[in-house]
Amino acid sequence: MEKRFGSNLRTLRKKNKLTLESLGEKLKISKSAISDYEIGKTFPPLDVCELISDFFGINIDDLRNSDFTELSLEQIEELHGSKAKNKPAKETSTDFSNEKRQLEFHNKLLSQQIEGLQIQLKLTKQIVESKDSEIKSLQIQVRLLEEKLHG
């Protein structure tokens, strides 16, 4: 998924005729960081994702999941209802829709964290069961040894 984010970021940057340096200046991010995001070397933190998303007027989920490489800038804007900050908007977006997108993104992150914790819990239960079995086996071995010594 992060690979799509990077290729989409590069596509949006190039289709908006921005260099790494000019985009970096506009977003107040180093051009090397943007390059790392584009090639998938690193994935930006949430606040930077939101900054990029807001700048291009593209939903964060669309940046991560869609494929913009074969689309024209107009097609991207049409499909995603983009209103980039670097171009005049046809209509003003409300703070509510931006807040909603942020909450949806945070909700997805929390869901993924919950899934991860559920997996960790299952693994922990399996380890506990394994250790319980190991303890029972050792107890049986101790009884057998005691019987041999006293028998």
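Is Ser53 buried or exposed, and at what relative accessibility? Keep that in mind while we walk through this predicted model; we'll get to the serine by way of its helix.

**Stop 1: the core**

Start by selecting Leu9, Leu12, Leu23, Ile52 and Phe56. These are the residues with the most contacts inside the largest nonpolar core, which has 23 residues. Now color the helices that feed it: H1 (2–15), H2 (20–27), H3 (31–39), H4 (46–56), H5 (60–65) and H6 (73–80) each put in at least two residues. H4 gives the largest share of this core, with five residues.

Zoom in on Leu23 and show what surrounds it. Setting aside residues up to four places away in sequence, Leu23 touches Leu9, Arg13, Leu18, Ile34, Phe55 and Phe56.

**Stop 2: H2 against H4**

Next, hide everything except H2 and H4. Their axes come within 11 Å and cross at roughly 105°, so the two helices are roughly perpendicular to each other. Bring up the side chains where they meet: on the H2 side pick Leu23, Lys26 and Leu27, and on the H4 side Leu51, Ile52, Phe55 and Phe56. Sorted by class, this contact has six nonpolar residues, no polar ones and one charged.

**Stop 3: inside H4**

Bring the rest of the model back and stay with H4. Eight of its 11 residues are buried, so H4 is largely enclosed by the rest of the structure. To see them, select Val48, Cys49, Glu50, Ile52, Ser53, Asp54, Phe55 and Phe56.

Now for the opening question. Ser53, in helix H4, has 2% relative accessibility, so it counts as buried; the cut-off for buried is under 20%. What is Ser53 in contact with, leaving aside its neighbours within four places in sequence? Click on Ile58, Asn59, Ile60 and Leu63: those are its partners.

While you're here, step just past the end of H4 to Gly57, which takes a positive phi of about 70°.

**Stop 4: the aromatic pairs**

Show the rings next. There are two aromatic pairs to find. Go to Phe5 and Phe43 to begin with: their ring centres are 5.0 Å apart and their planes sit at 65°, so this pair is edge-to-face. Trace the chain between them and you'll see that the pair links distant parts of it, with Phe5 in helix H1 and Phe43 in the loop between H3 and H4, 38 residues apart. Turn on the surface and compare the partners: Phe5, at 0% relative accessibility, counts as buried, whereas Phe43 is partly exposed, with a relative accessible area of 29%.

The other pair is Phe55 with Phe56. Here the ring centres are 4.9 Å apart and the planes are at 85°, so this pair is edge-to-face too. Both Phe55 and Phe56 are buried. You met these two rings earlier, where H2 meets H4 and around Leu23.

**Stop 5: a glutamate in H3**

For the last stop, select Glu38, which lies in helix H3. Where does this side chain stand, buried or exposed? At 4% relative accessibility, Glu38 counts as buried. Show its surroundings, skipping residues up to four places away in sequence, and you should find Gly6, Ser7, Leu9, Arg10, Arg13 and Leu20 touching Glu38. Two of those names should ring a bell: Leu9 and Arg13 also touch Leu23.

Key
Residues are numbered from 1 along each chain as its sequence is written. This is a predicted model: local features need pLDDT of at least 70, side-chain atom pairs count only at pLDDT 80 or more; totals for chains, interfaces and linings use all residues. Side-chain values use heavy atoms; hydrogens and water are left out. A nonpolar core is a set of buried Ala, Val, Leu, Ile, Met, Phe, Trp, Tyr and Cys residues joined through side-chain atoms within 4.5 Å. Buried means under 20% relative accessible area, exposed over 50%, partly exposed in between (1.4 Å probe, protein chains only). Helices (H or I, at least four residues) and strands (E, at least two) are DSSP runs, numbered from the N terminus. Contact means heavy atoms within 4.5 Å. Rings of Phe, Tyr and Trp (its six-membered ring) pair if their centres lie within 6.5 Å; planes under 30 degrees apart count as stacked, over 60 as edge-to-face and the rest as tilted. Axes are lines fitted to C-alpha atoms, for helices over the stretch in contact, and angles run from 0 to 180 degrees between N-to-C directions. Angles under 35 degrees count as roughly parallel, over 145 as roughly antiparallel, 65 to 115 as roughly perpendicular and the rest as oblique. Ala, Val, Leu, Ile, Met, Phe, Trp, Tyr, Cys and Pro count as nonpolar, Asp, Glu, Lys and Arg as charged, and the others, Gly among them, as polar.
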